[in-house]
Amino acid sequence: MSSPTAPDFTRLPDPGPEVFTAPLRRPSHVGEDWLEPAQRRYTAAEDAVWDALFARQMEVLPGRAATAFLGGLDRLDLGRGGVPDFAALSENLGALTGWSVVAVPMLIPDHVFFWHLANRRFPAGNFIRTRDQFDYIEEPDVFHDVFGHVPLLTDPVYADYMQAYGRAGWKAMRHNRLKALGALYWYTVEFGLMLEQGAIRAYGAGILSGPAEAVFAIEGQSPNRVMLDVERVMRTDYVIDDLQPTYFVIDSFADLYRRTAMRDFDALYAALGPGFTYANTAVLPTDRVLHHGTQEYFLRGGRGSAAAAV
Ligand code: PHE
Ligand code: FE
């Protein structure tokens, strides 16, 4: 099957009537692009929340976060104090890789998100969590989005991967295989691990923006750590409300780019069923396993139980 020509991403393409898009209610002050007219102003208390979260992450990330991530934090000076100004950030980032950071009010529809990525714009939530949401929030806030995602956009190969992912989203929608492509995002962009001179490091934003998961993902005995295989990952279920039972490991961003952006997914989409085949705890005979997890944390009840994240 040959794929239809890629849409023109200069303006928001029409997904077409046969593509299901979640009926999110668009706030009346934003347009079709879902962008805020301007980034919010933050109170001193909100800036202090950023600073406290930043300091807490820096206790656990050295030695656990990917070198490219720590380098990006530094180059963008994200720890200079307070919630970063998106305009200044975009200017720095623009000079490095051509990306910018734009403000959105909340989670935005998939097709709009993909469109921004395809144009090298990273949509970041405008709001910041409160003190009592310190450890866990459902909706990504500015700390997750900017601290977690933006540093790696300074890496040229990763920056290209994210743009290619945005374009890929439009293709997956036409194939009705968004869930599968979503699993790839989940296990790379949000919860990816990578090898650096034989050591495992985290590059996924979901890991890097919270204190517990960085330690759990890298040193925990519970989770599986398996080398990434695109087909396998796209058939694997995932949970969004607890630590991950399985992490997938890449050799490098160049390796990830080669396996995804440089390959045509048409045949893969045609071969995938509409649902997931593998439980997120599974280890398959075909997996290249770095660590076969005990799953102890999950067997003891996971989040909400007294189970330790070990
Ligand atoms: N190249 C892929 C396609 O043909 C998709 C892809 C690109 C997926 C980049 C992830 C990241 O659809
Ligand atoms: Fe995220």
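Is N176 buried or exposed? N176 is exposed, with a relative accessible area of 59%, where exposed means over 50% relative accessible area, buried under 20% and partly exposed in between (1.4 Å probe, protein chains only). The views below show a predicted model, in which local features need pLDDT of at least 70 and side-chain atom pairs count only at pLDDT 80 or more, while totals for chains, interfaces and linings use all residues. Residues are numbered from 1 along each chain as its sequence is written, chains are lettered from A and ligands numbered from 1 in the order in which they are written, and side-chain values use heavy atoms, with hydrogens and water left out.

**View 1. The iron ion (ligand 2) and its protein donors.** H144 (NE2), H149 (NE2) and E190 (OE) are the protein donors, and they lie 2.0 to 2.1 Å from the iron ion. Donors are N, O and S atoms within 2.8 Å of the metal (3.2 Å for Na, K and Ca); water is not among the atoms, so sites may look incomplete. Along the chain, the donors of this iron ion follow the spacing H-x4-H-x40-E. Distant parts of the chain are linked by the pair H149, in helix α5 (residues 142–149), and E190, in helix α7 (residues 178–190), which are 41 residues apart. Helices (H or I, at least four residues) and strands (E, at least two) are DSSP runs, numbered from the N terminus. H149 is buried, with a relative accessible area of 4%, and E190 is also buried, at 10%.

**View 2. Packing of helix α1 (residues 44–60) with α5.** The two helices pack at an angle of about 45°, with their axes 11 Å apart; axes are lines fitted to C-alpha atoms, for helices over the stretch in contact, and angles run from 0 to 180 degrees between N-to-C directions. This makes α1 oblique to α5. Angles under 35 degrees count as roughly parallel, over 145 as roughly antiparallel, 65 to 115 as roughly perpendicular and the rest as oblique. The crossing of α1 past α5 is right-handed; a crossing has this hand if the near helix is turned clockwise from the far one by less than a right angle, and is left-handed if anticlockwise. W50, L53, F54, Q57 and M58 of α1 make the contact with V142, F143, V146 and F147 of α5, contact meaning heavy atoms within 4.5 Å. These residues divide into 8 nonpolar, 1 polar and no charged. Ala, Val, Leu, Ile, Met, Phe, Trp, Tyr, Cys and Pro count as nonpolar, Asp, Glu, Lys and Arg as charged, and the others, Gly among them, as polar. Helix α5 is mostly covered, with 8 of its 8 residues buried.

**View 3. Packing of α6 with helix α11 (residues 253–260).** Here the angle is about 25° and the axes are 9 Å apart. The two helices are therefore roughly parallel to each other, and their crossing is left-handed. The contact joins V157, Y158, D160 and Y161 of α6 to F253, A254, L256, Y257 and T260 of α11. By class, the residues of this contact are 7 nonpolar, 1 polar and 1 charged.

**View 4. Helix α4 (residues 110–118) and its surroundings.** This helix is mostly covered, as 8 of its 9 residues are buried. Among the buried residues are H111, F113, W115 and H116. The buried residues of α4 pack against β2 (121–125), α6 and α7. Just after α4, R120 takes a positive phi of about 60°.

**View 5. Residues with positive phi in two loops.** Most residues other than glycine have a negative phi. N176, in the loop between α6 (156–174) and α7, has a phi near 55°. Q295, in the loop between β7 (289–291) and α13 (296–299), has a phi near 60°. Whereas N176 is exposed, Q295 is buried, with a relative accessible area of 10%.

**View 6. Surroundings of A217 in helix α9 (residues 211–219).** A217 is buried, with a relative accessible area of 0%. Not counting residues up to four places away in sequence, A217 touches L193, I207, R225 and Y247. The C-alpha atoms of A217 and Q244 are separated by 7.8 Å, although the two residues are 27 residues apart along the chain.
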